[in-house]
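Work through the exercises below with the sequence and the model at hand. Each task is followed by a solution in steps.

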Amino acid sequence: MKPGTYKRASVRLHHKALIWFSANPDEWLTIQDIKDKWGGSMDTINSGLRYACDAGLLTKTRHPDDISRNGRRTRYEAGPAIRLVLGLPIDQEP
């Protein structure tokens, strides 16, 4: 990089989701909601949030009552780690 040039680091999807869920821990977002808010495809959203789910920061659930196939069936919510840090109760049932 040339001296004096500055390249702003991009904020990744999982950072945006973690910030949003920290401010809204009792809310949930479908894949379609995430696409509308921050862009991306279903595959990039699922892969971008996989490690946050594995770490317990987010919880990914599927709701069989929603028969839609366009990303509205899968929902992301604040995981136990975020809820613990915020001092909120941690649900025992997924």
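The exercises go from the whole chain to the sheet, the helix contacts and two single residues.

**Exercise 1. The chain as a whole**

Task: State how many helices and strands the chain has, give their order, and say where confidence is lowest and highest.

Solution.
- Step 1. The model is predicted, and the mean pLDDT of the chain is 81. A value of 70 or more is reached by 74% of the residues.
- Step 2. There are 4 helices and 3 strands in the chain. Read from the N terminus, the elements follow the order α-β-α-α-β-β-α.
- Step 3. Confidence is lowest in helix α4, residues 80-85, with a mean of 87. The highest value, 91, belongs to β1.
- Step 4. The chain has 94 residues, and 31% of them count as buried.
- Step 5. Take the contacts in the chain with a separation of 6 or more: 51% of them come from residues 24 or more positions apart.

**Exercise 2. The sheet**

Task: Work out the order of the strands in the sheet, and find which strands lie at its edges.

Solution.
- Step 1. In general, the strands of a sheet pair through backbone hydrogen bonds, and the pairing is either parallel or antiparallel.
- Step 2. Here 3 strands form an open sheet, ordered β1-β3-β2, with antiparallel pairing. The edge strands are β1 (28-30) and β2 (58-62), each of which pairs on one side only. From one strand to the next, the twist averages 25°.
- Step 3. Take the pairs in turn. β1 and β3 (residues 74-78) are paired over 3 bridges in the antiparallel sense. β2 and β3 also run antiparallel, joined by 5 bridges.
- Step 4. Look at Arg-75 in β3. Thr-30 stands opposite Arg-75, and Thr-61 stands opposite Arg-75 as well.
- Step 5. Of the 5 residues of β3, 4 are buried, so the strand is mostly covered by the cut-off of under 20% relative accessible area.

**Exercise 3. Helix α2 and its neighbours**

Task: Describe how α2 is placed against the sheet, against α3 and against α1.

Solution.
- Step 1. Helix α2 (residues 31-38) lies across β1 and β3 and runs at about 85° to β1.
- Step 2. Two packed helices are described by the angle between their axes and the distance between the axes.
- Step 3. For α2 and helix α3 (residues 42-54), the angle is about 95° and the axes are 10 Å apart. α2 is therefore roughly perpendicular to α3.
- Step 4. On the α2 side, the residues that meet α3 are Ile-31, Ile-34 and Lys-35. Their partners in α3 are Met-42, Ile-45, Asn-46 and Leu-49. Sorted by class, this contact has 5 nonpolar, 1 polar and 1 charged residues.
- Step 5. For helix α1 (residues 13-23) and α2, the packing angle is about 105° and the axes are 12 Å apart. α1 is therefore roughly perpendicular to α2.
- Step 6. From α1, Leu-13, Lys-16, Ala-17 and Trp-20 meet Ile-34, Lys-37 and Trp-38 in α2. The classes in this contact are 5 nonpolar, no polar and 2 charged residues. Ile-34 thus appears in the contact with α3 and in the contact with α1.

**Exercise 4. Two residues**

Task: Is Leu-57 buried, partly exposed or exposed, and is Asp-43 buried, partly exposed or exposed?

Solution.
- Step 1. Leu-57 sits in the loop between α3 and β2. Its relative accessibility is 28%, so Leu-57 counts as partly exposed.
- Step 2. Leaving aside neighbours within four places in sequence, Leu-57 is in contact with Leu-18, Ala-52, Glu-77, Ala-78, Gly-79, Ala-81 and Ile-82.
- Step 3. Gly-79 and Leu-57 are 22 residues apart in sequence, while their C-alpha atoms are 4.5 Å apart in space.
- Step 4. Asp-43 belongs to helix α3. Its relative accessibility is 62%, so Asp-43 counts as exposed.
- Step 5. Asp-43 and Ile-31 are 12 residues apart along the chain, and 9.7 Å separates their C-alpha atoms.

Technical notes: Residues numbered from 1 in each chain as written. Predicted model: local features only at pLDDT ≥ 70, side-chain atom pairs only at ≥ 80, totals over all residues. Heavy atoms only, no water. Pairing = 2+ DSSP bridges. Helix = DSSP H or I, 4+ residues; strand = E, 2+ residues; numbered from the N terminus. Axes fitted to C-alpha atoms, helices over the stretch in contact; angles between N-to-C directions. Contact = heavy atoms within 4.5 Å. pLDDT = per-residue confidence, 0-100. Parallel < 35°, antiparallel > 145°, perpendicular 65-115°, else oblique. Nonpolar A, V, L, I, M, F, W, Y, C, P; charged D, E, K, R; others polar. Buried < 20%, exposed > 50% of the residue type's maximum accessible area, 1.4 Å probe, protein only.
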